[in-house]
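Biologist: Could you walk me through this one step by step? I'm new to this, so please explain the terms as we go.

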Amino acid sequence: MASKLSYQLRNQTGAAIRRFLLHRFPNSSAATPSLLGIRCFSYGSSQTVSPIDPSASSPQELPQPRTSPKVELGAASASTSSSLKENELAKFAAISETWWDSDGPFKPLHVMNPTRLAFVRSTLCRHFKKDPCSARPLEGLKIVDVGCGGGILSEPLARMGATVTGVDAVEKNIRIARVHADLDPVTSTIEYCCTTAEKLVEEGRKFDAVMALEVIEHVADPAEFCKSLAALTVPDGATVISTINRSMRAYATAVFAAEYILRWLPKGTHQWSSFLTPEELVLILQRANINVKEMAGFVYNPLTGRWYLSDDVSVNFIAFGTLDSA
């Protein structure tokens, strides 16, 4: 009954918002998962997908790259070319001390984290033939968490047995992550570095799995960023990316409602024009030799206050891919 009521309220509200957004963004398109040819998330299936022909879309159909700025790193690191934007770094540096405040600006990530981890654990275990029911299912895997922030993803990955490296271009984020990780002997083994994916590539670092969750919408050049992620991945290794769809519904919920009505996030946290559609992300990853095998949407239930995995990728979504070993 509660689920039915939630569905009716969402449809009624969504219809009004859609009329407003169609007027404001007449050229935008909603998510169309059927165009992707990618299966939706399930806990058991190992089905693969038909790749999208990169020649089917011209480069002009993708968001145009913006100039890559220089990023100031920590005192121990030199300034290096990066796909990150300086204004985005400043934005997150301003709220870095609230990373572990579950009721603070990062509350949505804390609430979403168990659902993100369910997808990560299941897909990595399936790909690397690990037991997802094990106490340490990711043992033996080297994982890098790109844009790790305060470490809210890095720590549970370490607890699941992975050897984790967390990197972030904001030095304050890394300091917070280190202090918090040191509170637990298991997570104190995490290697935190104030650096960028591009710098790791220059250093020749390689990982079994590369995580970039809620990061790509903040970079200046998504295509170059994904090439860096691919360069960090071992052949047949895994890449997991989550982001927000550039859809009218995402503007209504992830931007307008979350930042201006519910005040879950500081105003200006997200720029709708910087979001990628699932189709665009798949194409960008394919051009970086990463083949997307699986995709899922995140759906928030306001009655339970929880996020769920779904085949609805119209707002938040996550993709799992593997690096072409050829």
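Modeller: Sure, a definition to start: a disulfide is a pair of cysteine sulfur atoms within 2.5 Å. This is a predicted model, where local features need pLDDT of at least 70, side-chain atom pairs count only at pLDDT 80 or more, and totals for chains, interfaces and linings use all residues. Residues are numbered from 1 along each chain as its sequence is written, and side-chain values use heavy atoms, with hydrogens and water left out.

Biologist: Which cysteine has the sulfur closest to that of Cys194, and how far away is it?

Modeller: The structure holds 0 disulfides, so Cys194 can't be in one, given that a disulfide needs sulfurs within 2.5 Å. The gap to its closest cysteine sulfur is too far for a bond: that sulfur belongs to Cys193, at 9.0 Å.

Biologist: Is Cys194 buried or exposed?

Modeller: We go by relative accessible area: under 20% is buried, over 50% is exposed, and in between is partly exposed (1.4 Å probe, protein chains only). Cys193, at 18%, counts as buried. Cys194 has 9%, so the label is buried.

Biologist: Where is Asp168 found?

Modeller: Helices (H or I, at least four residues) and strands (E, at least two) are DSSP runs, numbered from the N terminus. Among the residues in contact with Asp168 (heavy atoms within 4.5 Å), leaving aside neighbours within four places in sequence, are Cys193 and Cys194. As for its own element, Asp168 is found in residues 163-168, which is strand 4.

Biologist: How many residues of strand 4 are buried?

Modeller: Strand 4 is largely enclosed by the rest of the structure. That description follows because the buried count, out of 6 residues, is 5.

Biologist: What is the nearest side chain of opposite charge to Asp168?

Modeller: Lys and Arg count as positive, Asp and Glu as negative, while His and the chain ends are not counted. A salt bridge is a side-chain nitrogen of Lys or Arg within 4 Å of a carboxyl oxygen of Asp or Glu. Asp168 is buried yet has no salt bridge; 11 Å away is the nearest candidate, Arg116.

Biologist: Which residue forms a salt bridge with Arg205?

Modeller: Arg205 is partly exposed, at 21%, and sits in the loop between helix 6 (197-202) and strand 6 (207-213). The partner lies in strand 5 (residues 191-194), so the pair ties together parts that are 14 residues apart in sequence. With the closest N and O atoms 3.1 Å apart, the partner is Glu191.
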